[in-house]
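Thank you all for making time; I would like to walk you through one model this morning, and please stop me wherever something is unclear.

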Amino acid sequence: MDDLKAAATAATRRGFLKTGLLGGAALAGSLASGRAMAEGDPVITEIQDWNRYPGDGVDARPYGQPSQFESHVVRKNVPWLTSDTISSINFTPLHELEGIITPNGLCFERHHAGIAEIDPANHRLMINGLVDKPLVFTMADLKRFPRENRVYFLECAANTGMEWRGSQLNGCQYTHGMIHCVMYTGVRLKHILEEAGVKAAGSWVLAEGADASAMTRSIPMEKALDDCMVAFAMNGEALRPEQGYPIRLVVPGWEGNMWVKWLRRLEVGDQPWQQREETSKYTDLLANGKARRFTWKMDVKSVITSPSPQVPIVHGKGRTLVSGLAWSGSGTIKRVDVSIDGGRNWHAARIDGPSLPMALHRFYYEFDWDGSEIFLQSRAIDESGFVQPTKDQLRAVRGENSIYHNNGIQTWHVNKDGGVENVEIS
């Protein structure tokens, strides 16, 4: 027993699991290899501090926080992206998350003038323009409308934008982390518009934020009356300040810049306003110098979150779990395929958990890794039949000048040691 203890203490996690897998060849593909030495593991055989002493009481943490051992699971920015963080972005750690719901504290941030800190008692939502009666709502007024709960993804149009010209950032947090998925609680925008009475000529809505950038976007009336919401809560609690507290616009399936935060005004008009964020920004520059405009919908997309550059394979050969996320602004995800050889062969993945329209979908694929280098890819297909394209297919239509709406297939190269890097197989 003493010899077993000494051996277990000296072994690294990688070495321990590798030894277990090699020694348990007859159990290839099983998860039992590490159990053979469990009786010699001091974490099992010796009393630990958490067994010995009582912990904090119920009032020590009045607002619950993650374990200290999860302190690395945070949003991160890329400092060289912008000159100042008040007009910048940070990224959701997709590689550390499970399921489809993003915790409130990990939802990526995108600000144009920093976070507006607003007292809800002093916040108002005004409706004007082509309406029968201009109105001003307090927060209490808004909460009297019929309330709804909906799970949606929110994706920045620039998500994966730096990958247009080839592999750039090493980690799915940075390549794909401008996305989150939460349950929003709020009221339908159509109820608010109906209260004011939209005139016959009213075919567009201008949404305006209360932050210092006065963010404004034009939204077609058809979308506004369909599924847009004015939300005041996410995942069961009030919006966080960085997510638009006290209210924000929700525009399901469409680019995140339209989801105006700190919403203060809705103006009804008969044409789009041609604001900065829909002319010089959030348009798609093509190879011929022309730009696609009003490309609101976020197309079908997926990414493998593990293994990925921030989650290498550390267990050695044997049973390996591939996990990832898929989504589409056109509805639900019908199927996800996974390739381990750079797209030569595809295997159906397993979608697990809720399958909701315009929400994230979690998929899994299990295989036995033989220790050779592999090229991981995922390809999503949505309920409308749209298939996630390769990057070459995108470039054939759009060129390489764009920043926005890159939904091309992502490739991760896994080397023989289990390390993972961002590469491109187009």
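I will take a small sheet, then two annotated domains, and then the internal cavities.

This is a predicted model, in which local features need pLDDT of at least 70 and side-chain atom pairs count only at pLDDT 80 or more, whereas totals for chains, interfaces and linings use all residues. Residues are numbered from 1 along each chain as its sequence is written, and side-chain values use heavy atoms, with hydrogens and water left out.

Let me begin with the open sheet, where 3 strands (DSSP runs of E, at least two residues, numbered from the N terminus) are arranged in the order S1-S2-S3 with antiparallel pairing, two strands being paired if DSSP finds at least two bridges between them. Its edge strands are S1 (76-77) and S3 (110-111), each of which pairs on one side only. S1 is joined to strand S2 (residues 88-91) by 2 bridges, and Lys76 stands opposite Phe91 in S2.

Turning to the domains, an unreviewed UniProt entry places "domain: Oxidoreductase molybdopterin-binding" at residues 112-274, although such annotations may be inferred rather than shown by experiment. That span is 34% strand and 13% helix (helices being DSSP runs of H or I, at least four residues), with its end C-alpha atoms 18 Å apart.

Finally, which residues lie nearest the centre of the largest cavity? They are Arg110, Arg248, Gly256, Trp259 and Lys261, among the 21 residues that line this cavity, a cavity being a set of points on a 1 Å grid over the protein atoms alone where a 1.4 Å probe fits but cannot get out, and lining residues having an atom within 4 Å of a point.

Note on methods. 1 Å grid on protein atoms, 1.4 Å probe; cavity = no way out; pocket = protein on both sides within 12 Å on 5 of 7 lines; lining within 4 Å.
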